[in-house]
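Grab the viewer and a pencil. Below are some exercises, each followed by a solution worked in steps.

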Amino acid sequence: MTSATLRMIAGCAGCLVAVAWLPVSLRQPTGTVFAADDGRRIVAEAQQRATSKSMRYQGRLTAFDTGGRVTEKRWTYERFGSHGRSRAVLRFTSPAEVDGVALLIVNHPDRASDQWMWTPAIQRERRIALQDRSTRFFGTDFSFEDLEERDAEQEDHTLVGEEAIDGAVCWKIQSTPRRSRTSQYSKSIIWIRKDIYAPVRLDAYVKDDVVRRRINANLQQVQGIWTAREVTMTDLRRGSRTRLSLDEVAYDVPLRDEDFTVQALRRR
Amino acid sequence: MRAVVFAAVLLLCSPAVSAQTVSRRGSIESHVVGFPQTTPTDTTQVVGDVLLREEGSVRPARWIQLAAGLGLRGDSHDRVEDHWRLDFEDRGVRRARASILRVSASLSAGAFSVEVGKQFIRWGRADVLNPTDRFAPHDYLDVVNPELLAVNGVRPSVQIGNSTLEAVWVPRLTPSRSPLFDQRWTVALPEAEGIRIIDKGAVFPRGSQHGVRWNHAGTRVEASLSYFDGYHHLPAFVVRQPSPEVAEATRAYPALRSYGSDIAVPAGWLTVKGEVAYFTSPNDSTDEYVLYVVQLERQVGGWMLIGGYAGEAVARSRGTLSFSPDRGIARSIVGRAVHAVDPARTMLVELVVRQNGDGAYVKGEYSTLIARSWRLTMSAVGIGGEAHDFLGQYRRNSSGSIALRFSY
């Protein structure tokens, strides 16, 4: 599972709540009643179910640009910790000309992550400034911000309805960044499968327009965690998309905290 | 050090170990530069070179990593030695045909790590000029397209919270490679016109170099302080004139001590970066001066925009004749724009304009990936200005170039 997926999961799924006893509720056009707190509970539950001490996978990125050109890259991903307290290193392994380029993401429970990119060709690391997080990550359709793994508490979540995605009934939840954190997105809508509490789609908005859409597909259980083995991010403004396939996914692998520092970025 | 070399050779030769612990990559790059104009010292207008690079690393355990790189070179303009040897120190006036680009062992335990061997060390945070980058000699045979060289040393570091304390000890100087006297990037002084310059090589200092850097990566600011005591990797020239028609020039590397600092502050919609160093010489063999750079940086869509000013203040001048591209581009307005057109194509524009208008340099570059492994890069460089200016002296060296690289 990618950190992008994790961010989505971190912003997702939860427990089914008996709406009758909740004090505040919203009435949907269909007549279904949702409690105002349901969104947060669902997301918190999804986050809980996706929690692991660490994670590793081999990613295969295929980018399809608007001119029909297809490029492929591969990376390895390692995460230590979980959600808002995790650190992750993503390191390209192919093609040869980007081999070794790495990104360190230090997530925080109460604010946006810190990120540094290591470029071996110039032997330098560069901090990705907060204002630059909306830019595309290394020619993919993921922005730097999309690679964060946020804690569910960093956004307000509202259950806005139910909808079927590929035949699976999903909760539809609107997530809005809290004032304390900075995001390029004004809100996002997340679809979480009711049967397994796994997110399958996310629409990210800038004002009232959907600018990015993430589809999680090929969901499989890995060590008890529902994991999307294929994630497709579409940049709706550019018309391009990037598909990330996750191979050799493993959770709770033995990793060391000291391998997730700016210093360690220099080491392959 | 021999053990490190041996391990590295094994690493480059062995396909063994698992895919998770071993990585290797290589490339073959050919580069052709065309100069519309000749110069008094060099009438060659087309120069070609080729570099085969093989790099690899192995991580037998989480706490240790070995890395190595080997380069094989050839060129059409006598910038590569005419005999075979495996060069480890990069001290030659010309590039070696075969050289160890890097070979090091990196060990880590908890917050402590150490790298031993031939390694790349970069200090500083700015992009256009790095006054604090004291362990980073370059190959300046092509002044506008320098290549970073590794140094042989030991580099222990410890991480304390968000801060890193790093020390460097380099037993022997690795110098920057300065332009050859009989080629276009060496411009004779007006008073030396008609005098034949004989290259007498270099005299290297015997002492070691050391430095310490404290770096803090805070939430709102990144900053560092650094200290260096050693030798300048850029040469000063000792000139002797045995006859009116002949001058003998020897490269020397003056003792140098520097105190530096750099800072990066992400402000509202851009990042402000600054870097400064004060240079002095323990034996009065070089100028005392301050080099600094202030730059603004912003990423907009696929564009990375950098603009700033590089400055210099000389406290004491000792009239040394030297090759100093770092001081040479000081007192200038500098800018760089890089545009990622799509995952395969990039464009770059670089600009340096002397504040008094006496010199200017502009570079445009377009690079595209062809198929999966080939990269074609085309660039054009324009240089103009007055003969007395560091940039302006190269006004006959405007050029166009094509580079083709195959990565595997």
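## Exercise 1: sizing up chain B

In chain B, residues 24 or more positions apart make up 59% of the contacts with a separation of 6 or more; a contact here means two C-beta atoms, placed from the backbone, within 7 Å. Before going on, note that this is a predicted model, where local features need pLDDT of at least 70, side-chain atom pairs count only at pLDDT 80 or more, and totals for chains, interfaces and linings use all residues. Residues are numbered from 1 along each chain as its sequence is written, while chains are lettered from A and ligands numbered from 1 in the order in which they are written.

**Task.** Work out what the radius of gyration of chain B says when set against the globule rule.

**Solution.**
- Step 1: take the rule, 2.2 Å times the number of residues to the power 0.38, with the radius computed over C-alpha atoms.
- Step 2: for 408 residues, a compact globule would come out near 22 Å, and chain B has 22 Å, so the two agree.
- Step 3: add the box, roughly 65 × 50 × 45 Å along the principal axes for the C-alpha atoms of chain B.
- Step 4: check burial, where 38% of the 408 residues of chain B count as buried. Buried means 20 or more other C-beta atoms within 10 Å of the residue's own, exposed means 12 or fewer, partly exposed is in between, and C-beta atoms are placed from the backbone.
- Step 5: tally the secondary structure of chain B, 2 helices and 24 strands. These are DSSP runs numbered from the N terminus: H or I with at least four residues for helices, E with at least two for strands.

## Exercise 2: where the chains meet

**Task.** Which strands of chain B each supply at least two residues to the side that touches chain A?

**Solution.**
- Step 1: count the participants, 36 residues from chain B and 26 residues from chain A.
- Step 2: list the strands of chain B, namely β1 (22-34), β3 (64-75), β5 (98-109), β9 (151-160), β16 (255-266) and β20 (332-342).
- Step 3: pick out β1(B), which gives the largest share of that side, 3 residues.
- Step 4: sort the side of chain B that touches chain A by class, giving 12 nonpolar, 17 polar and 7 charged residues. Nonpolar covers Ala, Val, Leu, Ile, Met, Phe, Trp, Tyr, Cys and Pro; charged covers Asp, Glu, Lys and Arg; the others, Gly among them, are polar.

## Exercise 3: following strands in chain B

**Task.** Trace the pairing from β5(B) to β6(B), then on from β6(B) to β9(B).

**Solution.**
- Step 1: β5(B) and β6 (residues 112-119) of chain B run antiparallel, joined by 7 bridges. Strands count as paired if DSSP finds at least two bridges between them.
- Step 2: fix the register with B:A105, whose bridge partner in β6(B) is B:V116.
- Step 3: look at the turn of this hairpin, which has 2 residues between the strands and a positive phi of about 60° at B:G110.
- Step 4: move on to β9(B), which is antiparallel to β6(B) with 8 bridges; here B:G117 stands opposite B:G153.

**Task.** Now find the edges of the open sheet β11-β15-β14 in chain B.

**Solution.**
- Step 1: this sheet has 3 strands and mixed pairing.
- Step 2: β11 (196-203) and β14 (236-243) of chain B each pair on one side only, which makes them the edge strands.
- Step 3: β14(B) runs antiparallel to β15 (residues 246-252) of chain B, with 6 bridges, and B:S243 has B:V246 as its bridge partner.

## Exercise 4: backbone oddities in chain A

**Task.** Are A:D166 and A:E248 buried or exposed?

**Solution.**
- Step 1: A:D166 sits in the loop between β9 (155-165) and β10 (168-177) of chain A, with a positive phi of about 50° although it is not a glycine.
- Step 2: A:D166 has 10 C-beta neighbours inside 10 Å, so it counts as exposed.
- Step 3: A:E248 belongs to strand β15 (residues 240-251) of chain A, and its phi is also positive, near 50°.
- Step 4: A:E248 has 11 C-beta neighbours inside 10 Å, so it counts as exposed too.
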